[in-house]
Amino acid sequence: MKSVNMEIDLKVPAQKAWDAIRDSASLFPKIMPSHFKSIEDIGDGDVGTIRRITYGKGMKMATHESERIEALDETNMTVTYSMIEGEALNVFKVIKATIKLLPGADANSCRLSWTAEFEPAGNRIPPSDSIEEATTNIFKAMEGYLLTTA
């Protein structure tokens with residue numbers, strides 16, 4: 001398994017960032033319409049919920065994917081999900097990611113930890129740079145939106 005671990009400092013309180021992540025089905029298409037055409041949650045948002053994502057033209061790596069929430073801890077602001085459908089599964093057998101929000105330098109900031117595990121489907125392993133860049137762009141766009149709204 002190949003893994004990518006990254007941390008992104010956000011200038012918003014952890015609870016505000018967590019609420020945005022939990023509401024990403026409606027929020028991400030609004031704040032990044034070029035990247036997210038639509039996100040549909042099938043389920044109650046808890047473990048087992050399927051998230052169907054249709055990407056916009058700004059997301060160059062894929063046109064769609066479906067993810068399943070595997071683990072959710074509201075108290076510790078942690079969610080783990082796995083990809084169950086999408087073009088990336090032509091390259092990887094398994095894609096599983098965990099988002100965790102950690103305390104920041106002060107009450108108005110937090111650190112987002114994103115860890116993803118990938119099991120290649122063959123010998124070719126794509127570089128992780130584009131994955132890291134896309135992930136950073138998404139969460140920095142979320143931060144920018146949260147900083148400009150109440």
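Glu7, Asp9 and Arg111 are joined in a network of salt bridges. The model in which this network appears is a predicted one. In total, the structure contains 7 salt bridges, and a search of the whole structure also finds 4 aromatic pairs. The points below take up the charged pairs, then helix α3, then the aromatic rings, and finally two buried residues.

**Salt bridges**

- Within the network, Asp9 forms a salt bridge with Arg111, and the closest N and O atoms are 2.7 Å apart. This pair links distant parts of the chain, since Asp9 belongs to strand β1 (residues 2-10) and Arg111 to strand β7 (residues 110-120), 102 residues apart.
- Asp9 is partly exposed, with a relative accessible area of 44%. Arg111 is also partly exposed, and its relative accessible area is 31%.
- Another salt bridge joins Glu70 and Arg68, with 3.0 Å between the closest N and O atoms. Glu70 is partly exposed at a relative accessible area of 31%, and Arg68 counts as partly exposed at 32% relative accessibility.
- A salt bridge is also present between the side chains of Lys140 and Glu143, at 3.2 Å from N to O. Both residues lie in helix α3 (residues 129-148), where they are 3 residues apart, about one turn of the helix.
- Are Lys140 and Glu143 buried or exposed? Lys140 counts as partly exposed, because its relative accessibility is 33% and the partly exposed class runs between 20% and 50%. Glu143 counts as buried, because its relative accessibility of 7% is under 20%.

**Helix α3**

- Helix α3 has 20 residues. From its first C-alpha to its last, α3 reaches 29 Å, which is close to the 28 Å expected at 1.5 Å a residue.
- The buried residues of α3 are Ile131, Ala134, Thr135, Ile138, Phe139, Met142, Glu143 and Leu146. Glu143, the partner of Lys140 in a salt bridge, is therefore one of the buried residues of this helix.
- Which elements do the buried residues of α3 pack against? They pack against the strands β1, β2 (36-42), β6 (92-103) and β7, and against the helices α1 (14-22) and α2. Strands β1 and β7 also hold Asp9 and Arg111, respectively.

**Aromatic rings**

- Phe28 and Phe36 form a tilted aromatic pair, with 5.5 Å from centre to centre and 45° between the planes. Both residues are buried: Phe28 has a relative accessible area of 9%, and Phe36 has one of 4%.
- Phe28 also pairs with Phe139, their ring centres being 6.3 Å apart. The planes of these rings stand at 75°, so the pair is edge-to-face.
- Phe28 lies in helix α2 and Phe139 in helix α3, so their pair ties together parts that are 111 residues apart in sequence. Phe139 counts as buried, at 6% relative accessibility.
- Ring pairs link four residues into a cluster, namely Phe28, Phe36, Tyr55 and Phe139.

**Two buried residues and their contacts**

- Met142 lies in helix α3. This residue is buried, with a relative accessible area of 0%.
- Which residues does Met142 contact, leaving aside its neighbours within four places in sequence? Met142 is in contact with Leu10, Ala17, Ala20, Ile21, Phe28 and Ile31. One of these, Phe28, is also a member of the aromatic cluster.
- Met142 and Ile31 are 111 residues apart in sequence, and the distance between their C-alpha atoms is 7.0 Å.
- Ser24 is found in helix α2 (residues 24-31). Ser24 is buried, with a relative accessible area of 4%.
- When residues up to four places away in sequence are not counted, Ser24 touches Pro29, Ile39 and Arg51.

Key
Residues are numbered from 1 along each chain as its sequence is written. This is a predicted model: local features need pLDDT of at least 70, side-chain atom pairs count only at pLDDT 80 or more; totals for chains, interfaces and linings use all residues. Side-chain values use heavy atoms; hydrogens and water are left out. A salt bridge is a side-chain nitrogen of Lys or Arg within 4 Å of a carboxyl oxygen of Asp or Glu. Helices (H or I, at least four residues) and strands (E, at least two) are DSSP runs, numbered from the N terminus. Buried means under 20% relative accessible area, exposed over 50%, partly exposed in between (1.4 Å probe, protein chains only). Contact means heavy atoms within 4.5 Å. The expected span of a helix is 1.5 Å times one less than its number of residues. Rings of Phe, Tyr and Trp (its six-membered ring) pair if their centres lie within 6.5 Å; planes under 30 degrees apart count as stacked, over 60 as edge-to-face and the rest as tilted.
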